[in-house]
Amino acid sequence: MESVNPLVSIVLPTYMRSQKLRETINSVLSQTYSPWQLIVVDDNRPTEPHAEQTETTVREYQNFANIVLIKH
């Protein structure tokens with residue numbers, strides 16, 4: 001019987017740390033475990049510059065269906 005790896009969900013809350021987001025996402029992408037999903041939770045206020053920067057950064061990874069953005 002073949003072993004199946006369970007899906008791992010990584011929840012990444014972010015608040016006023018958009019400058020570190022790309023580094024963190026790239027760290028997740030470099031992991032060897034599969035399958036996984038990354039859920040980025042934007043806790044910034046919609047009017048803060050960090051909210052826009054977070055969305056822009058996550059949009060750079062739109063080719064990865066297992067990376068999603070949730071605006072809290």
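At what angle do α1 and helix α2 pack, and how far apart are their axes? The legends below take that up and then move on to other spots in this predicted model.

**View 1. How α1 sits against α2.** Helix α2 covers residues 49-59, and α1 packs with it at an angle of about 20°, the two axes being 9 Å apart. Angles under 35 degrees count as roughly parallel, so that is the label for α1 and α2. As for handedness, the crossing of α1 past α2 is right-handed. On the α1 side, the contact comes from Ser18, Gln19, Leu21, Arg22 and Ile25, while α2 brings His50, Gln53, Thr54, Thr57 and Val58. Sort the residues of this contact by type and you get 6 polar, 3 nonpolar and 1 charged.

**View 2. The largest nonpolar core.** Ten residues is the full count here: Leu12, Leu21, Ile25, Val28, Trp36, Leu38, Val40, Val58, Tyr61 and Ile67. Two elements, α1 (18-29) and β2 (36-42), each supply two or more of them. Leu21 and Ile25 may look familiar, since they also take part in the α1 contact with α2.

**View 3. Ile67 and what it touches.** Zoom in on Ile67, a member of that core. Setting aside residues up to four places away in sequence, Ile67 touches Ile25, Leu29, Trp36, Leu38, Val58 and Tyr61.

**View 4. Thr14, tucked into its surroundings as a buried residue.** Thr14 belongs to strand β1, which runs over residues 8-14. Its relative accessibility is 5%, and because buried means under 20%, Thr14 counts as buried. Which residues is it in contact with, leaving aside neighbours within four places in sequence? For Thr14 the list reads Val40, Val41, Asp42, Asp43, Asn44 and Thr54. Thr54 turns up in View 1 too, as one of the α2 residues in the contact with α1.

**View 5. Met16 and its positive phi.** Look in the loop between β1 and α1 to find Met16. Its phi is about 55°, a positive value, even though Met16 is not a glycine. Most residues other than glycine have a negative phi. Is Met16 buried or partly exposed? With 40% relative accessibility, Met16 counts as partly exposed.

**View 6. The cis peptide bond at Pro35.** Here the bond to look at joins Ser34 and Pro35: it is cis, with omega about 0°. Most peptide bonds are trans. Pro35 is in the loop between α1 and β2.

Key. Residues numbered from 1 in each chain as written. Predicted model: local features only at pLDDT ≥ 70, side-chain atom pairs only at ≥ 80, totals over all residues. Heavy atoms only, no water. Core = buried A, V, L, I, M, F, W, Y, C linked by side-chain atoms within 4.5 Å. Buried < 20%, exposed > 50% of the residue type's maximum accessible area, 1.4 Å probe, protein only. Helix = DSSP H or I, 4+ residues; strand = E, 2+ residues; numbered from the N terminus. Contact = heavy atoms within 4.5 Å. Axes fitted to C-alpha atoms, helices over the stretch in contact; angles between N-to-C directions. Parallel < 35°, antiparallel > 145°, perpendicular 65-115°, else oblique. Left-handed = near helix turned anticlockwise from the far one by under 90°. Nonpolar A, V, L, I, M, F, W, Y, C, P; charged D, E, K, R; others polar.
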